[in-house]
Amino acid sequence: MTSKALKIMLLVCVFLVIVVSSVQATRDKEGCTPGYWKNHEESWQCYDPNDSFADTFGVTLSNDKTLMQALKTGGGGEKALGRHAVAALLNACETSGVFYRFTTGQVITKVQRSYRDQKLVEEHKDIFEEWNELYCPLD
């Protein structure tokens, strides 16, 4: 092989690495808001709106609600965490069509940790809120 052919091959390889890295870097930059999921039940893939919040997230609540009820509940603290946790879970679903930052397992773990340690409620809500308010690729 000539040195010119080697240089061309090297440039092609560098180009491909850049393209693949760029695609990978943007793959986890999507998220749909609680409002989107509240108004688009037809987009729910892995969970049902009537699923129990407590059962889905593996937490104990004195007043359990459905995933849809959690999305519709206003307020701060655990209520805000609930809204954003459900949206995060739906975004993280493998068949949702959303390239989300977290897996469903990671979302569930963060919620469980928040219910065990109330100091984490606001922190985890803020994390989910930030990622849920990125570009939503769904109609």
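Here is a short chat about how some helices pack in this predicted model.

Me: How are H5 and H7 oriented to each other: roughly parallel, roughly antiparallel, roughly perpendicular or oblique?
Reply: Start with helix H5 (residues 78-92) and helix H7 (residues 121-132), whose axes sit 9 Å apart at an angle of about 45 degrees. Roughly parallel needs an angle under 35 degrees, and roughly perpendicular runs from 65 to 115. H5 and H7 are therefore oblique.

Me: Which class, nonpolar, polar or charged, has seven residues in the contact of H5 with H7?
Reply: On the H5 side the contact includes Leu81, His84 and Ala88, and on the H7 side it includes Lys125, Phe128 and Glu129. By class, there are three charged residues and four polar ones, and the class with seven is nonpolar.

Me: And how do H6 and H7 run relative to each other?
Reply: Their axes come within 9 Å and cross at roughly 155 degrees. Angles over 145 count as roughly antiparallel. So H6 and H7 are roughly antiparallel.

Me: Which residues of H7 make the contact with H6?
Reply: The crossing of these two helices, H6 and H7, is left-handed. From H6 come Val107, Lys110, Val111, Arg113 and Ser114, and from H7 come Val121, His124 and Phe128.

Me: Which helix gives the most to the largest nonpolar core?
Reply: That core has 30 residues, and Val86, Val107 and Phe128 are among those touching the most other members. H2, H3, H4, H5, H6 and H7 each supply at least two residues. With eight residues, the top contributor is H5.

Definitions and conventions:
Residues numbered from 1 in each chain as written. Predicted model: local features only at pLDDT ≥ 70, side-chain atom pairs only at ≥ 80, totals over all residues. Heavy atoms only, no water. Axes fitted to C-alpha atoms, helices over the stretch in contact; angles between N-to-C directions. Helix = DSSP H or I, 4+ residues; strand = E, 2+ residues; numbered from the N terminus. Contact = heavy atoms within 4.5 Å. Nonpolar A, V, L, I, M, F, W, Y, C, P; charged D, E, K, R; others polar. Core = buried A, V, L, I, M, F, W, Y, C linked by side-chain atoms within 4.5 Å. Buried < 20%, exposed > 50% of the residue type's maximum accessible area, 1.4 Å probe, protein only. Left-handed = near helix turned anticlockwise from the far one by under 90°.
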